[in-house]
Amino acid sequence: MNWLDYIAEFRNIIDLLGTLAFAISGIRLASQKQMDWFGAYIIGLVTAIGGGTVRDLLLGVTPFWMMQESYVIVTGVALFLTVVLQQKIFKLGQTLFLFDTIGLGLFTMVGVMKTEDLGFPIWVCIAMGTITGSVGGVLRDVLINEVPLLFRKDIYALTSVAGGSVYFLGKYLQFSSFETSLVGAVVIIVLRLLVVKFHWQLPVLKINQ
């Protein structure tokens, strides 16, 4: 394999790790709602593939997981690990948060580049990247009857917007797609870590009655 093949393989591995982390986060929340195994699996799967599915439907293409069974299998692995190793898994909160953050960065870039390949304008690419990275969590929260994290004070989706903007700034400066996608993902990851570390929040909307 040449170096481009190695890069593609590395991104696939990180993609699956991000999928695993998203799925486990969904399954953990489902367990708090006392769902059965099947219900927990569905919540984990929705968390992992929901954003990309909504993106593909909006773009008018076949959802990605219908052409690659690994996402369905990885969600099953996530359920198995959560059930068998639940005490150890639940102690890995920071590690899972890191994987979730990496997944957010990479999935956002995947969404941006896929939309760009289809010829859509910049603002649509950024929107689709944000949807890819964050809507799975929204669907998860709706299904378990929680206020979605995206609509609370915690800054989440805006990090995807920032990363997508950096991607196109890099393209304008004539850097390669790989370079700009890498930088965009890093921007999202770093911003997300800073948001959580320093508790950065958007102001709550308050309207006097």
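Q: Which helix does Y172 lie in?
A: Y172 lies in helix α7, which spans residues 157-172; helices here are DSSP runs of H or I with at least four residues, strands being E runs of at least two, numbered from the N terminus.

Q: Is this a predicted model, and what are the ground rules?
A: The model is predicted, so local features need pLDDT of at least 70 and side-chain atom pairs count only at pLDDT 80 or more, while totals for chains, interfaces and linings use all residues. Residues are numbered from 1 along each chain as its sequence is written, and side-chain values use heavy atoms, leaving out hydrogens and water.

Q: Back to Y172, buried or exposed?
A: Y172 counts as exposed because its relative accessibility is 68%, given that buried means under 20% relative accessible area, exposed over 50% and partly exposed in between, with a 1.4 Å probe and protein chains only.

Q: And V138, buried or exposed?
A: V138, which is found in helix α6, is buried, with a relative accessible area of 12%.

Q: How far is V138 from T47?
A: The two residues V138 and T47 are 91 residues apart in sequence, and their C-alpha atoms are 8.1 Å apart in space.

Q: Changing topic, how many salt bridges are there?
A: The count comes to five salt bridges, taking a salt bridge as a side-chain nitrogen of Lys or Arg within 4 Å of a carboxyl oxygen of Asp or Glu.

Q: What does K33 pair with?
A: K33 forms a salt bridge with E146, and the closest N and O atoms are 2.9 Å apart. This pair links distant parts of the chain, with K33 in the loop between α1 (3-32) and α2, and E146 in the loop between α6 and α7, 113 residues apart. K33 is partly exposed at 35% relative accessible area, and E146 is partly exposed at 38%.

Q: What about K114?
A: K114 forms a salt bridge with D56, with 2.9 Å between the closest N and O atoms. That pair joins helix α5 (residues 93-117), where K114 sits, to helix α2, where D56 sits, 58 residues apart. D56 is buried with a relative accessible area of 0%, whereas K114 counts as partly exposed at 23%.

Q: Which residues are in a network of salt bridges?
A: R55, D56 and K114 are linked in a network of salt bridges.

Q: Where does K171 come in?
A: The side chains of K171 and E116 meet in a salt bridge, 2.8 Å from N to O, and this pair links K171 in helix α7 to E116 in helix α5, 55 residues apart.
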